[in-house]
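Here is a short report on one protein chain. Have the sequence and the 3D view open as you read.

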Amino acid sequence: MINILRLSHVVIRVTDLDKARYFYSDLLGLIETEKDGDYVYLRGIEEGQHHSLVLKKASSAGLSYIGFRVAKSEELDKAKEELKSLGLKVMKYKEKGVDDGLLFETPGGIPMFLYYDMEYVGDSRLDFYKHKGVNPIRLAHVNFVVKDLEKEIEFLKKYMGYYETEIFLDSDNVKTVSWLTKRGDSHEIAISKSSKNSPGFHHETYYVHDVKDIIRGCDILASAKLWDSIERGPGRHGVTEGYYVYFRDFDKNRIEFFSSDYIVLDPDKWKTIVWTYDQFRYRSDFWGRPIPQSWLTEWVPVEDISTGNLKGWS
Ligand SMILES: [Fe+2]
(Lines give C-alpha, C1' and ligand atoms only; values in the text may rest on other atoms or scores of the structure.)
Protein backbone atom coordinates (compact mmCIF):
# COMPACT_ATOMS: atom_id res chain seq x y z
CA MET A 1 0.00 0.00 0.00
CA ILE A 2 1.18 3.52 -0.83
CA ASN A 3 1.39 5.60 2.34
CA ILE A 4 -0.74 8.61 1.36
CA LEU A 5 -0.79 11.53 3.78
CA ARG A 6 -3.65 13.51 2.28
CA LEU A 7 -5.37 15.09 -0.68
CA SER A 8 -3.19 18.06 -1.64
CA HIS A 9 -4.20 19.90 -4.80
CA VAL A 10 -6.14 20.01 -8.03
CA VAL A 11 -5.05 21.27 -11.45
CA ILE A 12 -7.95 22.44 -13.59
CA ARG A 13 -8.13 23.65 -17.18
CA VAL A 14 -9.51 27.10 -17.97
CA THR A 15 -9.75 28.83 -21.34
CA ASP A 16 -9.20 32.40 -20.12
CA LEU A 17 -6.62 32.70 -17.36
CA ASP A 18 -7.42 36.31 -16.46
CA LYS A 19 -11.13 35.64 -16.13
CA ALA A 20 -10.49 32.50 -14.08
CA ARG A 21 -8.09 34.41 -11.83
CA TYR A 22 -10.78 37.06 -11.30
CA PHE A 23 -13.33 34.39 -10.39
CA TYR A 24 -11.22 32.27 -8.04
CA SER A 25 -8.99 34.90 -6.44
CA ASP A 26 -10.54 38.37 -6.76
CA LEU A 27 -14.11 37.24 -6.13
CA LEU A 28 -13.92 34.01 -4.12
CA GLY A 29 -10.75 34.89 -2.21
CA LEU A 30 -8.23 32.13 -2.85
CA ILE A 31 -4.76 33.53 -2.14
CA GLU A 32 -2.53 33.82 -5.19
CA THR A 33 0.96 32.45 -4.55
CA GLU A 34 2.12 33.38 -8.05
CA LYS A 35 1.31 33.50 -11.74
CA ASP A 36 3.81 31.85 -14.03
CA GLY A 37 3.17 31.72 -17.76
CA ASP A 38 0.04 29.73 -18.45
CA TYR A 39 -0.49 28.84 -14.79
CA VAL A 40 -1.92 30.59 -11.73
CA TYR A 41 -1.15 29.02 -8.34
CA LEU A 42 -3.70 29.49 -5.54
CA ARG A 43 -4.14 28.28 -1.97
CA GLY A 44 -6.43 28.59 1.07
CA ILE A 45 -5.53 30.54 4.19
CA GLU A 46 -4.57 27.42 6.20
CA GLU A 47 -2.36 25.99 3.47
CA GLY A 48 1.39 26.67 3.73
CA GLN A 49 2.18 24.67 0.61
CA HIS A 50 2.78 26.51 -2.67
CA HIS A 51 -0.63 25.67 -4.13
CA SER A 52 -3.81 23.67 -3.70
CA LEU A 53 -5.60 24.89 -6.83
CA VAL A 54 -3.79 25.44 -10.11
CA LEU A 55 -5.48 27.19 -13.02
CA LYS A 56 -3.93 25.97 -16.25
CA LYS A 57 -4.62 27.77 -19.51
CA ALA A 58 -6.00 25.28 -22.01
CA SER A 59 -8.24 25.07 -25.05
CA SER A 60 -11.18 23.68 -23.06
CA ALA A 61 -12.38 23.12 -19.49
CA GLY A 62 -11.70 20.03 -17.40
CA LEU A 63 -9.47 18.31 -14.90
CA SER A 64 -5.78 18.00 -15.53
CA TYR A 65 -5.01 15.94 -12.42
CA ILE A 66 -5.54 15.56 -8.67
CA GLY A 67 -2.49 15.77 -6.34
CA PHE A 68 -1.83 13.77 -3.16
CA ARG A 69 1.02 14.07 -0.68
CA VAL A 70 2.70 10.84 0.39
CA ALA A 71 4.03 10.43 3.94
CA LYS A 72 7.72 9.86 3.02
CA SER A 73 9.83 10.45 -0.07
CA GLU A 74 10.65 6.72 -0.35
CA GLU A 75 6.99 6.07 -1.03
CA LEU A 76 7.38 7.41 -4.57
CA ASP A 77 9.69 4.64 -5.78
CA LYS A 78 7.56 2.04 -4.07
CA ALA A 79 4.42 3.55 -5.63
CA LYS A 80 5.93 3.54 -9.10
CA GLU A 81 6.62 -0.19 -8.96
CA GLU A 82 3.29 -1.00 -7.38
CA LEU A 83 1.26 1.02 -9.89
CA LYS A 84 3.21 -0.39 -12.83
CA SER A 85 2.60 -3.92 -11.61
CA LEU A 86 -1.13 -3.19 -11.74
CA GLY A 87 -0.79 -2.27 -15.41
CA LEU A 88 -1.63 1.41 -14.82
CA LYS A 89 -0.13 4.33 -16.77
CA VAL A 90 2.68 5.79 -14.61
CA MET A 91 5.31 8.45 -15.33
CA LYS A 92 7.79 10.64 -13.46
CA TYR A 93 6.50 14.19 -13.40
CA LYS A 94 7.52 17.63 -12.08
CA GLU A 95 5.39 20.66 -11.46
CA LYS A 96 6.07 24.16 -10.13
CA GLY A 97 7.29 23.78 -6.53
CA VAL A 98 7.64 19.99 -6.80
CA ASP A 99 10.85 18.52 -8.25
CA ASP A 100 10.02 14.89 -7.79
CA GLY A 101 6.60 13.42 -8.44
CA LEU A 102 4.70 10.65 -10.08
CA LEU A 103 1.73 10.96 -12.39
CA PHE A 104 -0.54 7.97 -12.88
CA GLU A 105 -4.01 7.04 -13.95
CA THR A 106 -6.40 5.12 -11.67
CA PRO A 107 -8.23 2.05 -12.97
CA GLY A 108 -11.21 4.33 -13.65
CA GLY A 109 -9.06 6.72 -15.72
CA ILE A 110 -8.62 9.58 -13.22
CA PRO A 111 -5.17 11.27 -13.46
CA MET A 112 -3.46 11.53 -10.06
CA PHE A 113 -0.12 12.99 -8.98
CA LEU A 114 1.90 11.82 -5.99
CA TYR A 115 4.67 13.83 -4.35
CA TYR A 116 6.36 14.24 -1.00
CA ASP A 117 8.01 17.66 -1.03
CA MET A 118 6.37 20.85 -2.28
CA GLU A 119 7.83 24.34 -1.84
CA TYR A 120 6.50 25.70 1.44
CA VAL A 121 5.51 29.36 1.51
CA GLY A 122 3.75 29.45 4.90
CA ASP A 123 0.13 29.69 5.83
CA SER A 124 -1.91 32.89 6.15
CA ARG A 125 -4.12 31.87 9.07
CA LEU A 126 -3.37 34.91 11.18
CA ASP A 127 -2.74 37.30 8.30
CA PHE A 128 -6.27 38.57 8.54
CA TYR A 129 -5.56 41.46 6.21
CA LYS A 130 -5.13 38.89 3.41
CA HIS A 131 -8.49 37.20 4.02
CA LYS A 132 -11.08 38.08 1.44
CA GLY A 133 -14.03 36.69 -0.50
CA VAL A 134 -15.38 33.60 1.22
CA ASN A 135 -12.13 32.93 3.14
CA PRO A 136 -11.40 29.51 1.64
CA ILE A 137 -9.56 27.59 4.39
CA ARG A 138 -8.23 24.43 2.73
CA LEU A 139 -8.96 22.01 -0.07
CA ALA A 140 -11.47 19.64 1.51
CA HIS A 141 -12.35 17.09 -1.15
CA VAL A 142 -12.69 16.17 -4.79
CA ASN A 143 -15.66 14.56 -6.50
CA PHE A 144 -15.44 12.55 -9.72
CA VAL A 145 -17.34 9.94 -11.73
CA VAL A 146 -16.17 6.60 -13.12
CA LYS A 147 -17.84 3.75 -14.94
CA ASP A 148 -16.71 0.97 -12.59
CA LEU A 149 -17.30 2.35 -9.12
CA GLU A 150 -16.46 -0.82 -7.17
CA LYS A 151 -13.12 -1.25 -8.95
CA GLU A 152 -12.15 2.36 -8.22
CA ILE A 153 -13.11 2.04 -4.55
CA GLU A 154 -11.18 -1.19 -4.25
CA PHE A 155 -8.09 0.52 -5.69
CA LEU A 156 -8.37 3.48 -3.30
CA LYS A 157 -8.82 1.19 -0.32
CA LYS A 158 -6.22 -1.43 -1.15
CA TYR A 159 -3.46 0.70 -2.65
CA MET A 160 -4.03 4.19 -1.22
CA GLY A 161 -5.33 3.38 2.28
CA TYR A 162 -8.69 5.11 2.03
CA TYR A 163 -11.84 3.91 3.80
CA GLU A 164 -15.50 4.56 3.16
CA THR A 165 -17.31 6.84 5.58
CA GLU A 166 -20.68 6.80 3.80
CA ILE A 167 -22.38 5.27 0.74
CA PHE A 168 -25.60 5.68 -1.28
CA LEU A 169 -27.59 2.72 -2.59
CA ASP A 170 -30.05 2.77 -5.47
CA SER A 171 -33.51 1.13 -5.49
CA ASP A 172 -31.86 -2.25 -6.25
CA ASN A 173 -29.47 -1.77 -3.30
CA VAL A 174 -26.53 -1.26 -5.66
CA LYS A 175 -23.92 1.27 -4.55
CA THR A 176 -24.03 4.49 -6.59
CA VAL A 177 -21.89 6.94 -4.58
CA SER A 178 -19.07 6.49 -2.07
CA TRP A 179 -17.36 8.95 0.28
CA LEU A 180 -13.82 8.09 1.39
CA THR A 181 -11.24 9.53 3.73
CA LYS A 182 -7.68 8.94 4.89
CA ARG A 183 -7.07 12.25 6.65
CA GLY A 184 -10.07 11.65 8.92
CA ASP A 185 -12.61 14.29 8.03
CA SER A 186 -15.94 13.22 6.48
CA HIS A 187 -14.31 12.70 3.08
CA GLU A 188 -11.43 13.69 0.83
CA ILE A 189 -12.85 11.85 -2.16
CA ALA A 190 -16.41 11.29 -3.37
CA ILE A 191 -17.00 9.04 -6.35
CA SER A 192 -20.20 8.39 -8.28
CA LYS A 193 -21.00 5.62 -10.69
CA SER A 194 -21.33 6.93 -14.23
CA SER A 195 -23.60 5.48 -16.87
CA LYS A 196 -21.12 6.71 -19.49
CA ASN A 197 -17.92 4.98 -20.54
CA SER A 198 -15.46 7.79 -19.89
CA PRO A 199 -14.51 9.25 -16.50
CA GLY A 200 -15.33 12.82 -15.52
CA PHE A 201 -14.56 15.40 -12.86
CA HIS A 202 -17.50 16.82 -10.93
CA HIS A 203 -16.03 19.37 -8.48
CA GLU A 204 -13.37 20.33 -5.98
CA THR A 205 -14.37 21.72 -2.61
CA TYR A 206 -12.88 24.18 -0.16
CA TYR A 207 -13.69 24.12 3.52
CA VAL A 208 -14.91 27.40 5.05
CA HIS A 209 -15.22 28.08 8.78
CA ASP A 210 -18.68 29.57 8.78
CA VAL A 211 -22.01 29.19 6.99
CA LYS A 212 -21.92 32.97 6.60
CA ASP A 213 -18.96 32.51 4.24
CA ILE A 214 -21.16 30.34 2.02
CA ILE A 215 -23.87 33.01 1.97
CA ARG A 216 -21.24 35.65 1.32
CA GLY A 217 -20.10 33.73 -1.77
CA CYS A 218 -23.63 34.05 -3.17
CA ASP A 219 -23.71 37.78 -2.33
CA ILE A 220 -20.35 38.30 -4.04
CA LEU A 221 -21.27 36.46 -7.24
CA ALA A 222 -24.67 38.13 -7.45
CA SER A 223 -23.15 41.58 -6.98
CA ALA A 224 -20.70 40.77 -9.79
CA LYS A 225 -23.77 39.91 -11.93
CA LEU A 226 -22.81 36.24 -12.01
CA TRP A 227 -26.21 34.94 -10.92
CA ASP A 228 -25.96 31.92 -13.21
CA SER A 229 -22.74 30.83 -11.54
CA ILE A 230 -24.72 29.93 -8.41
CA GLU A 231 -25.83 26.44 -9.36
CA ARG A 232 -26.99 24.62 -6.24
CA GLY A 233 -27.65 25.67 -2.66
CA PRO A 234 -27.07 26.94 -0.10
CA GLY A 235 -28.30 23.88 1.72
CA ARG A 236 -27.24 21.14 4.09
CA HIS A 237 -26.36 17.62 3.03
CA GLY A 238 -27.66 14.69 5.06
CA VAL A 239 -24.62 12.71 3.95
CA THR A 240 -21.46 14.22 5.57
CA GLU A 241 -23.58 16.81 7.49
CA GLY A 242 -21.95 19.65 5.56
CA TYR A 243 -23.52 22.97 4.64
CA TYR A 244 -22.81 23.60 0.97
CA VAL A 245 -23.04 25.80 -2.09
CA TYR A 246 -21.91 24.97 -5.64
CA PHE A 247 -20.64 27.53 -8.13
CA ARG A 248 -19.64 27.23 -11.80
CA ASP A 249 -16.76 29.26 -13.25
CA PHE A 250 -16.71 30.86 -16.72
CA ASP A 251 -15.79 27.48 -18.26
CA LYS A 252 -18.39 25.50 -16.28
CA ASN A 253 -15.81 23.96 -13.99
CA ARG A 254 -17.56 23.49 -10.66
CA ILE A 255 -16.36 24.49 -7.16
CA GLU A 256 -18.09 23.85 -3.84
CA PHE A 257 -17.73 25.66 -0.52
CA PHE A 258 -18.50 23.47 2.44
CA SER A 259 -18.63 23.72 6.23
CA SER A 260 -19.36 21.82 9.45
CA ASP A 261 -18.78 18.19 8.50
CA TYR A 262 -17.54 15.73 11.14
CA ILE A 263 -14.18 14.22 12.10
CA VAL A 264 -13.70 10.47 12.40
CA LEU A 265 -12.02 10.19 15.80
CA ASP A 266 -11.63 6.39 15.82
CA PRO A 267 -11.23 5.03 12.28
CA ASP A 268 -11.05 1.43 13.55
CA LYS A 269 -14.49 1.81 15.13
CA TRP A 270 -16.11 3.56 12.19
CA LYS A 271 -18.99 1.77 10.48
CA THR A 272 -19.76 2.97 6.96
CA ILE A 273 -23.07 4.85 6.96
CA VAL A 274 -25.40 3.28 4.39
CA TRP A 275 -28.07 5.53 2.90
CA THR A 276 -30.87 3.62 1.19
CA TYR A 277 -32.83 4.81 -1.80
CA ASP A 278 -35.98 5.60 0.21
CA GLN A 279 -33.94 8.18 2.14
CA PHE A 280 -33.35 10.04 -1.11
CA ARG A 281 -35.04 13.26 -0.09
CA TYR A 282 -32.92 13.97 2.96
CA ARG A 283 -29.69 12.07 2.31
CA SER A 284 -28.61 14.51 -0.43
CA ASP A 285 -30.29 17.56 1.05
CA PHE A 286 -31.12 17.45 4.70
CA TRP A 287 -32.73 20.71 3.72
CA GLY A 288 -32.50 22.79 0.56
CA ARG A 289 -34.09 23.12 -2.84
CA PRO A 290 -34.30 20.13 -5.22
CA ILE A 291 -31.04 19.33 -7.01
CA PRO A 292 -30.84 21.07 -10.41
CA GLN A 293 -30.58 18.81 -13.43
CA SER A 294 -27.25 20.37 -14.43
CA TRP A 295 -25.68 19.23 -11.15
CA LEU A 296 -26.86 15.66 -11.69
CA THR A 297 -25.87 15.31 -15.34
CA GLU A 298 -22.99 17.70 -16.11
CA TRP A 299 -19.33 17.27 -15.36
CA VAL A 300 -16.09 18.19 -17.06
CA PRO A 301 -13.69 15.83 -18.84
CA VAL A 302 -10.33 14.57 -17.59
CA GLU A 303 -7.02 14.54 -19.43
CA ASP A 304 -5.38 11.44 -20.77
CA ILE A 305 -2.01 11.83 -19.04
CA SER A 306 0.00 10.17 -21.80
CA THR A 307 -1.41 12.34 -24.61
CA GLY A 308 -2.84 15.45 -22.93
CA ASN A 309 -6.10 14.79 -24.76
CA LEU A 310 -9.37 15.23 -22.97
CA LYS A 311 -11.95 12.54 -22.51
CA GLY A 312 -15.44 12.42 -21.07
CA TRP A 313 -17.54 15.52 -21.72
CA SER A 314 -21.01 15.32 -20.20
FE1 LIG B 1 -18.66 17.89 -2.57
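A nonpolar core is a set of buried Ala, Val, Leu, Ile, Met, Phe, Trp, Tyr and Cys residues joined through C-beta atoms within 7 Å. A residue is buried if 20 or more other C-beta atoms lie within 10 Å of its own, exposed if 12 or fewer, and partly exposed in between; C-beta atoms are placed from the backbone. The model is predicted: local features need pLDDT of at least 70, side-chain atom pairs count only at pLDDT 80 or more, and totals for chains, interfaces and linings use all residues. Residues are numbered from 1 along each chain as its sequence is written.

**Core and domains**

The largest nonpolar core has 79 residues. Tyr24, Tyr65, Met112, Leu114 and Val208 touch the most other members. At least three residues of this core come from each of domain 1 (4-120) and domain 2 (135-302). The domain bounds come from an automatic or database domain assignment. In soluble globular proteins, nonpolar side chains tend to be buried together.

Tyrosine 65 is in contact (C-beta atoms, placed from the backbone, within 7 Å) with Val11, Leu103, Pro111, Met112, Phe113, Glu303 and Ile305. That list leaves aside its neighbours within four places in sequence.

The centres of domain 1 and domain 2, taken over C-alpha atoms, are 19 Å apart. Across the boundary, 33 residues of domain 1 are in contact with 37 residues of domain 2. Strand S1 (4-14), helix H1 (17-27) and strand S5 (62-70) each give two or more residues to the side of domain 1 that touches domain 2. S1 gives the most, with seven residues. Helices (H or I, at least four residues) and strands (E, at least two) are DSSP runs, numbered from the N terminus.

**Helix H3**

How far apart are the end C-alpha atoms of H3? They are 16 Å apart, which agrees with the 16 Å expected for the 12 residues of helix H3 (residues 149-160) at 1.5 Å a residue. The expected span is 1.5 Å times one less than the number of residues.

The buried residues of H3 are Leu149, Glu152, Ile153, Phe155, Leu156 and Met160. Seen down the axis of H3, they fall within an arc of 155 degrees, so they line one face of the helix. The arc is that of the directions from the helix axis to the C-beta atoms. These buried residues pack against S1, strand S9 (138-146), strand S10 (163-169), strand S11 (175-181) and strand S12 (189-193). On the other side of H3, Glu150, Glu154 and Lys158 are exposed. Just after H3, glycine 161 takes a positive phi of about 75 degrees.

**Backbone details**

Two residues that are not glycine have a positive phi.

| Residue | Phi | Loop | C-beta neighbours inside 10 Å |
|---|---|---|---|
| Asparagine 173 | about 65 degrees | between S10 and S11 | 9 (exposed) |
| Lysine 225 | about 65 degrees | between H4 and S14 | 8 (exposed) |

A cis peptide bond joins glycine 233 and proline 234, with omega about 10 degrees. Proline 234 has its place in strand S14.

**Two serines**

Is serine 229 buried or exposed? Serine 229 is buried, with 21 other C-beta atoms within 10 Å. It is found in the loop between helix H4 (211-223) and strand S14 (230-236). Not counting residues up to four places away in sequence, serine 229 touches Leu221, Phe247 and Arg248.

Serine 192 is found in strand S12. With 18 C-beta neighbours inside 10 Å, serine 192 counts as partly exposed. Serine 192 touches Val145, Thr176 and Val177, not counting residues up to four places away in sequence.

Conventions. Contact = placed C-beta atoms within 7 Å.
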